[in-house]
Amino acid sequence: MPEQVADITVRDPASLMSLMDRDISIAEFSYHWLEIQCSSIEVIDRAVVLLRQGASNTFKPVAKWPLSAKVTALSEVAYGVLDEECGLLLEMESEEGTLAAAYPIHINNELKGIVALELKAGEVETLHNLMNQLQWSVGWLERFINRQ
């Protein structure tokens with residue numbers, strides 16, 4: 001996982017669209033995608049994008065937010081998506097009042113990756129909105145991965 005990314009200013013979905021035609025890695029695209037998600041949703045503390053390695057059920061972190069974040073526990077929570085293959089919202093064992101949201105990345109009906117976010121517990125409506133936004137916005141990652 002790269003510890004730095006290209007100096008590209010991406011603040012909204014329109015500027016993310018411009019990255020679709022650039023020669024950047026999935027790690028860089030994923031970082032910028034995470035940056036938009038995490039900046040627009042105040043309750044997110046850290047996040048990670050994991051991608052499947054070959055045909056195995058092994059997933060490797062390719063991007064994290066912020067760049068200095070430790071995402072080991074969050075990555076482990078993300079594996080819950082393997083069983084359910086749908087979005088999950090779970091309480092993290094590490095700290096009271098902290099939740100993990102995880103959502104699958106599908107390409108042609110095959111699980112290719114997982115997005116996981118660590119967030120502060122909040123109102124049910126806020127959490128519902130977060131899961132809806134995650135569901136819709138993961139399409140950006142699916143589209144970028146599918147193009148490769």
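This passage describes the sheet, the helix packing and selected local features of a predicted model.

The sheet is open and contains five strands. Their order is β2-β1-β5-β4-β3, and the pairing is antiparallel. Strands β2 (59-65) and β3 (88-91) form the edges, each pairing on one side only. On average, neighbouring strands are turned by 20 degrees against each other, direction ignored. Within this sheet, β1 (residues 44-52) pairs with β5 (residues 110-120) in the antiparallel sense. Seven bridges support that pairing in the assignment. V49 stands opposite V115 of β5.

Two helices lie across strands of the model. Helix α2 lies across β1, β2 and β5. Its direction makes an angle of about 50 degrees with β2. Helix α5 lies across β1, β3, β4 (98-107) and β5. The angle between α5 and β4 is about 35 degrees.

Helices α2 (residues 26-40) and α5 (residues 124-147) also meet each other. Their axes come within 10 Å and cross at roughly 165 degrees. Angles over 145 degrees count as roughly antiparallel. The two helices, α2 and α5, are therefore roughly antiparallel to each other. Their crossing is right-handed. On the α2 side, the contact involves I26, F29, S30, W33, Q37 and S40. On the α5 side, the residues are Q133, L134, S137, V138, W140, L141, F144 and I145. Of the residues in this contact, nine are nonpolar and five are polar. No charged residue takes part in the contact of α2 with α5.

Aromatic pairing was examined next. A pair of aromatic rings is described by the distance of the centres and the angle of the planes. The structure holds two aromatic pairs. One of them joins F29 and F144. These rings are stacked, with 4.2 Å centre to centre and 5 degrees between the planes. The pair links distant parts of the chain, with F29 in helix α2 and F144 in helix α5. The two residues are 115 residues apart. Both F29 and F144 also belong to the contact between α2 and α5.

Two backbone features occur in loops. A cis peptide bond joins W65 and P66, with omega about -10 degrees. P66 lies in the loop between β2 and α3 (72-78). The other feature concerns N108, in the loop between β4 and β5. Phi of N108 is near 50 degrees, a positive value in a residue other than glycine.

Technical notes. Residues are numbered from 1 along each chain as its sequence is written. This is a predicted model: local features need pLDDT of at least 70, side-chain atom pairs count only at pLDDT 80 or more; totals for chains, interfaces and linings use all residues. Side-chain values use heavy atoms; hydrogens and water are left out. Axes are lines fitted to C-alpha atoms, for helices over the stretch in contact, and angles run from 0 to 180 degrees between N-to-C directions. Helices (H or I, at least four residues) and strands (E, at least two) are DSSP runs, numbered from the N terminus. Angles under 35 degrees count as roughly parallel, over 145 as roughly antiparallel, 65 to 115 as roughly perpendicular and the rest as oblique. A crossing is left-handed if the near helix is turned anticlockwise from the far one by less than a right angle, and right-handed if clockwise. Contact means heavy atoms within 4.5 Å. Ala, Val, Leu, Ile, Met, Phe, Trp, Tyr, Cys and Pro count as nonpolar, Asp, Glu, Lys and Arg as charged, and the others, Gly among them, as polar. Two strands pair if DSSP finds at least two bridges between them. Rings of Phe, Tyr and Trp (its six-membered ring) pair if their centres lie within 6.5 Å; planes under 30 degrees apart count as stacked, over 60 as edge-to-face and the rest as tilted.
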